[in-house]
Structure formats: structure tokens, C-alpha cells
Amino acid sequence: MKTLDLISERSRLRLLEVIHFSRAGHTGGDLSALNVMTVLYQKILNISPSTLSDPDRDRFVLSKGHCTEALFVSLEAAGILPKEMLDTLGQFGSPLAGHPTNNVPGIEVNSGALGHGLSIGVGMALAAKMDGRAYRTFVLMGDGEQEEGSIYEAAMAGRQYKLDNLVAIIDRNHLQISGDTEDVMGLEDLALKWKAFGWDVREMNGDDTSDILKTLGSTDYACGKPHMVISHSTKGKGVSFMENVAKWHHGVPTEEQYAQAVEEISERIKALEKESL
């Protein structure tokens with residue numbers, strides 16, 4: 001999917017730009033989740049600048065709300081968030097903060113208190129069933145976030161109410177703020193756990209836009225089960241010195257690091273633009 005790759009790389013460059021300018025950001029997790037958000041907003045979600053208030057629009061909840069910069073650039077790439085608004089990130093009086101807030105175009109709920117997003121998503125999906133609405137709800141969680149007990153209450157409710165209009169995604173990059181997830185609080189076998197909860201469980205390569213599109217695009221919304229997608233990704237994806245390095249969970253590149261990251265991403269953009277001619 002060269003077009004999706006090109007959009008993702010341009011968003012990656014924009015992501016580094018806004019983090020560098022605002023001097024704050026959860027860079028590593030932003031980068032590991034960016035491909036998924038790119039595919040969601042470009043190909044999967046039934047949402048556009050003209051349908052933000054449509055009751056049948058799809059819902060997206062960024063449960064790992066600290067990675068809001070990836071959401072902002074994905075909304076910008078989809079034409080939902082104006083460039084001039086994103087340029088204000090980190091400035092006094094800006095509507096954009098370090099977590100998603102619903103006073104920003106395209107954002108459904110305030111999020112970032114980890115463990116809450118799936119419960120909200122369950123409520124949204126259940127409301128769609130009760131109201132006879134066709135919209136779907138997507139929730140993106142972190143893997144370290146799986147330590148929160150409220151997630152498993154939501155897991156039981158999703159199964160109980162047969163919420164096949166709900167898709168949860170775990171950004172499985174194996175690193176949380178304090179290190180490797182398996183050293184902090186072991187999560188495996190994640191797939192078996194979610195299957196035991198009665199969910200339809202699939203796994204995908206979260207670094208590969210083609211596999212993301214294939215996986216999310218083949219969801220069976222009439223199977224009677226909520227859907228869990230484990231997205232195997234790389235923390236800091238696309239910036240060589242950030243990849244699989246725990247300290248980039250949160251961090252702002254220096255001038256030299258920023259220049260190196262821009263050079264790496266720009267080279268890939270040039271190659272993809274050449275291929276698309």
C-alpha cells in the first residue's frame with residue numbers, strides 16, 4: 001500500500017515537527033501507533049470533516065491518550081484538524097493539550113487516564129445496538145495499559161452484550177514507561193486471555209500498512225463477538241535511534257537528533273514519491 005505508506009511517512013515527519021516545536025510528546029508510542037491510526041482514518045473509519053456530528057459516524061477512542069500527537073497528525077492528514085490549529089500545540093491558549101480533549105474537531109472523548117477507554121467504547125457500542133445505529137466503535141489501547149483491571153470488566157461486558165460492532169486494538173510494542181512489559185507485569189499469552197473472555201481475536205503486523213488494512217478491513221461485524229486485534233509494533237518506529245528504546249516512551253529530540261530523524265524520514269518519502277509517479 002504505497003499510498004498509505006506515503007501518508008504515514010508524511011504524518012511521521014509532521015509528528016516529529018510538532019513534538020520538536022512544542023518541546024513535549026510521547027514520541028515512541030506515537031510512532032508505534034501511527035500506522036494503525038493512518039489506516040483507520042484513511043481507509044476504515046466512516047468519518048470525514050462533513051460528518052463529525054452525524055449520529056451514524058464511526059467512533060474512535062484513543063485510550064492510550066498520552067499518544068495524542070499521533071492522533072492529531074492523523075486527524076490533520078484526514079482533513080479533520082486544520083493545520084493552523086495543530087501548529088499551536090504547546091502554546092498558551094491552544095485547544096490542543098497533551099491528551100485528547102473533545103473540544104478538538106474529531107475527538108469523541110477526553111482520554112488518557114489509562115484503563116478507561118475500553119469501558120467507554122463498550123458504552124458507545126452498546127448504545128449503537130440499543131438505538132439501532134450502524135456505527136462501529138474502535139478503541140486503541142497500549143500494552144502496558146493491559147495492567148488496568150477496569151479493562152477486564154469491559155472485556156466481560158463486551159462479550160455479555162455480543163458487541164460485534166466494537167473493535168479493540170492493543171499497540172503491542174512491548175515497552176512501557178518503566179521498561180519491558182514482561183519484566184514489569186507479564187502479559188502473555190495475550191491472545192489466549194482475550195479468547196478466554198469470548199472475544200474474536202486476531203493478530204497483525206502494526207508496522208505494515210498492508211497487513212493492518214487487510215486485518216481491519218476483514219472484520220466480521222455479524223459474528224456476535226467483540227473483536228480484539230493485537231497489533232505487533234515497534235516502539236519508535238521509523239526513527240533508527242528511537243526504535244525499541246524504552247527511554248523514548250516520552251522524550252523530545254535534540255536539534256541534532258531531530259535533524260537525523262527528518263533526514264531518515266525524508267529519504268523514505270522521496271523514494272515513495274518516486275515510486276508513485
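This note covers the internal cavities of the structure and the surroundings of one arginine.

1. The model is a predicted one, and the points below should be taken as values computed from it. The count of cavities of 30 Å³ or more comes to two.

2. The largest cavity has a volume of about 50 Å³, and its lining consists of Tyr41, Phe60, Val61, Leu62, Leu71, Pro100, Gly106, Ile107, Glu108, Val109 and Ser111. Strand E1, which spans residues 59–62, supplies the largest share of that lining, with three residues. Sorted by class, eight of the lining residues of the largest cavity are nonpolar, two are polar and one is charged.

3. The second largest cavity holds about 40 Å³ of space, and the residues that line it are Tyr41, Leu45, Ile47, Asp58, Arg59, Phe60, Gly106 and Glu108. By class, the lining of the second largest cavity comprises four nonpolar residues, one polar residue and three charged residues. Tyr41, Phe60, Gly106 and Glu108 appear in the lining of the largest cavity and also in that of the second largest cavity.

4. Away from the topic of cavities, Arg202 belongs to strand E6, which runs over residues 200–205. Arg202 counts as buried because its relative accessibility is 18%, where the cut-off for buried is under 20%.

5. The side chain of Arg202 is joined to that of Ser218 by a polar contact of 3.3 Å. Leaving aside residues up to four places away in sequence, Arg202 touches Thr215, Ser218, Thr219, Met228, Val229 and Ile230, so that Ser218 is listed among the residues touched by Arg202 as well as being its partner in the polar contact.

Notes:
Residues numbered from 1 in each chain as written. Predicted model: local features only at pLDDT ≥ 70, side-chain atom pairs only at ≥ 80, totals over all residues. Heavy atoms only, no water. 1 Å grid on protein atoms, 1.4 Å probe; cavity = no way out; pocket = protein on both sides within 12 Å on 5 of 7 lines; lining within 4 Å. Points joined across faces, edges and corners; volume = space filled by probe spheres on them. Helix = DSSP H or I, 4+ residues; strand = E, 2+ residues; numbered from the N terminus. Nonpolar A, V, L, I, M, F, W, Y, C, P; charged D, E, K, R; others polar. Buried < 20%, exposed > 50% of the residue type's maximum accessible area, 1.4 Å probe, protein only. Polar contact = N/O pair within 3.5 Å; in protein donor to acceptor, adjacent residues only side chain to side chain. Contact = heavy atoms within 4.5 Å.
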